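Colleague: I should like to go through this model with you, element by element. Please give the reasoning behind each answer.

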Amino acid sequence: MESQLKELRVGEPRLEESEANGFPHGGAGDPYGEDAGSVNQRITPWMRVVASGAELLRDPRFNKGLAFTEEERDHHYLRGLLPPVILSEELQVERILRNVRKCQDPLDKYVTLMELQERNERLFYKVLIEHVTELLPIVYTPTVGEACQKYGIIFRRPHGLYISAKERGKVLDVLRNWPETGIQVIVVTDGERILGLGDLGLQGMGIPVGKLALYTALGGIRPSACLPITIDVGTNNEELLNEPMYIGLRQRRITGQEYDDLIDEFMTAVKQAYGEKVLVQFEDFANHNAFRLLAKYVSTHLTFNDDIQVRS
């Protein structure tokens, strides 16, 4: 983590970590190699800096909470911004588990864990990895199903990327808004067949978020390399369309050529943004779209759909 802030004007090209280390994109020292998108895709109209002080505590990727040492608190200007005690990650894990276990409702346990992920990513994955048998049913099935049904009510801050039908013609620009550039795995849904619950529209986002948490906890993939995406094309769920707390498009699903064009723009854009080898997993698409989309893109993209594919 940088201890000094960099002064950058809005509109300056974004300097990626591999460039800062002296490696051009796609070079031998580039951690993403040929999987990375083009250099031009990495120029954005804004700059995100890992700051010190209060800003550091608001960044879940680098925040360690009370585990910051005395030296780190001095180095990163955290004096006075934290209580004086230093708690090891092991003690913080125990505290989180107490908070989770005292919840009687599984959905409350889910919300507690998601709030942890929002403020301290490192601790979230430590808790999940060390207690995966206990917590997997909370982070993913079956509890994630109820979380999707009540997504608008429990929504705190956005997880992942939301691409709606309103963004047709601008999908690549939407992908550029995502702050990470070294994406290796995308899990995407359109929310039409969430588990056994049917059409949940945008509220299906809980599935890509939960599945990618398992990709990290069980598969060791860096969280920054994972991108959950919901393509919001509307919903035919009347209850959601009439629900004031629903946060997706309030329209019936687009179909036919309009739907296909949006998906095609998305699949083209992910390769432009993240390279030829980015993995795209289709998740919880209705069968009438799932089979034909897999057939269409399996020869042009690194993609699969574990809902309809079986091992041979």
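Modeller: One definition is needed beforehand: the expected span of a helix is 1.5 Å times one less than its number of residues. Please bear in mind that this is a predicted model.

Colleague: How far apart are the end C-alpha atoms of helix 11, and what span should its residues give?

Modeller: Helix 11 covers residues 206-219. Its 14 residues, at 1.5 Å a residue, should span 20 Å. The value computed from the model agrees with this, because the end C-alpha atoms are 19 Å apart.

Colleague: How many residues of helix 11 are buried?

Modeller: Buried here means under 20% relative accessible area. The buried residues of helix 11 include Gly206, Ile207, Leu212, Tyr215 and Ala217, and Lys211 is also among them. The helix is mostly covered, and the number of buried residues is 12 of 14.

Colleague: Which strands does helix 11 lie across, and at what angle does it run to strand 3?

Modeller: Helix 11 lies across strand 2, strand 3, strand 4 and strand 5. Strand 3 comprises residues 226-232, and the angle between helix 11 and this strand is about 165°.

Colleague: Which residue follows helix 11, and what is its phi?

Modeller: The helix is followed by Gly220. The phi of Gly220 is positive, near 75°.

Colleague: In what order do the strands of the open sheet stand?

Modeller: The chain holds 14 helices and 5 strands. The sheet is open, is formed by 5 strands and has parallel pairing. Its strand order is 1-3-2-4-5.

Colleague: Which strands stand at the edges of that sheet, and why is one side of each left without a neighbour?

Modeller: Each edge strand has a single partner strand, so one side of it is left without a neighbour in the sheet. Neighbouring strands of this sheet are turned by 25° against each other on average, direction ignored. The edge strands are strand 1 (161-164) and strand 5.

Colleague: Which residues of strand 5 are the bridge partners of Leu279 and Gln281?

Modeller: Strand 4 and strand 5 pair in the parallel sense over 3 bridges. Strand 4 also pairs with strand 2, again in the parallel sense, over 4 bridges, and there Gln281 is the bridge partner of Val187. In strand 5, Leu279 is partnered by Leu302, and Gln281 by Phe304.

Colleague: Are the faces of strand 4 covered or open, and which residues lie on each side?

Modeller: Both faces are covered, as the four residues 279-282 are all buried. One side carries Leu279 and Gln281, and the other carries Val280 and Phe282.

Colleague: Which helix joins strand 4 and strand 5 in a β-α-β unit, and what is the handedness of the unit?

Modeller: The helix is helix 14, residues 287-297. Together with strand 4 and strand 5, helix 14 makes a β-α-β unit that is right-handed.

Colleague: Is Gly201 buried or exposed?

Modeller: Gly201 is found in the loop between strand 2 and helix 11. Beyond its sequence neighbours within four places, Gly201 has contacts that include Asp190, Thr230, Leu240, Tyr246 and Arg253. Thr235, 34 residues away in sequence, is 4.9 Å from Gly201, C-alpha to C-alpha. With a relative accessibility of 1%, Gly201 therefore counts as buried.

Colleague: What does UniProt list for Arg193, and how accessible is this residue?

Modeller: Arg193 has its place in the loop between strand 2 and helix 11. Not counting residues up to four places away in sequence, Arg193 touches Gly198, Asp284, Phe285, Ala286, Asn287 and Asp307. The UniProt record, an unreviewed entry, lists Arg193 under "binding site". Its relative accessibility is 26%, so Arg193 counts as partly exposed.

Colleague: Where is Leu195 found, and what is its phi?

Modeller: Leu195 lies in the loop between strand 2 and helix 11. Its relative accessible area is 28%, so Leu195 is partly exposed. The phi of Leu195 is positive although the residue is not glycine, with a value near 50°.

Colleague: Which residues are joined by a cis peptide bond, and what is omega?

Modeller: The bond joins Thr141 and Pro142. Pro142 is placed in the loop between helix 7 (132-139) and helix 8 (143-149). For this cis peptide bond, omega is about 5°.

Notes. Residues are numbered from 1 along each chain as its sequence is written. This is a predicted model: local features need pLDDT of at least 70, side-chain atom pairs count only at pLDDT 80 or more; totals for chains, interfaces and linings use all residues. Side-chain values use heavy atoms; hydrogens and water are left out. Buried means under 20% relative accessible area, exposed over 50%, partly exposed in between (1.4 Å probe, protein chains only). Helices (H or I, at least four residues) and strands (E, at least two) are DSSP runs, numbered from the N terminus. Two strands pair if DSSP finds at least two bridges between them. A crossover is right-handed if, with the strands pointing away from the viewer, the path from the first strand over the helix to the second runs clockwise. Axes are lines fitted to C-alpha atoms, for helices over the stretch in contact, and angles run from 0 to 180 degrees between N-to-C directions. Contact means heavy atoms within 4.5 Å. UniProt positions are given in the numbering used here, feature names are shortened, and annotations may be inferred rather than shown by experiment.
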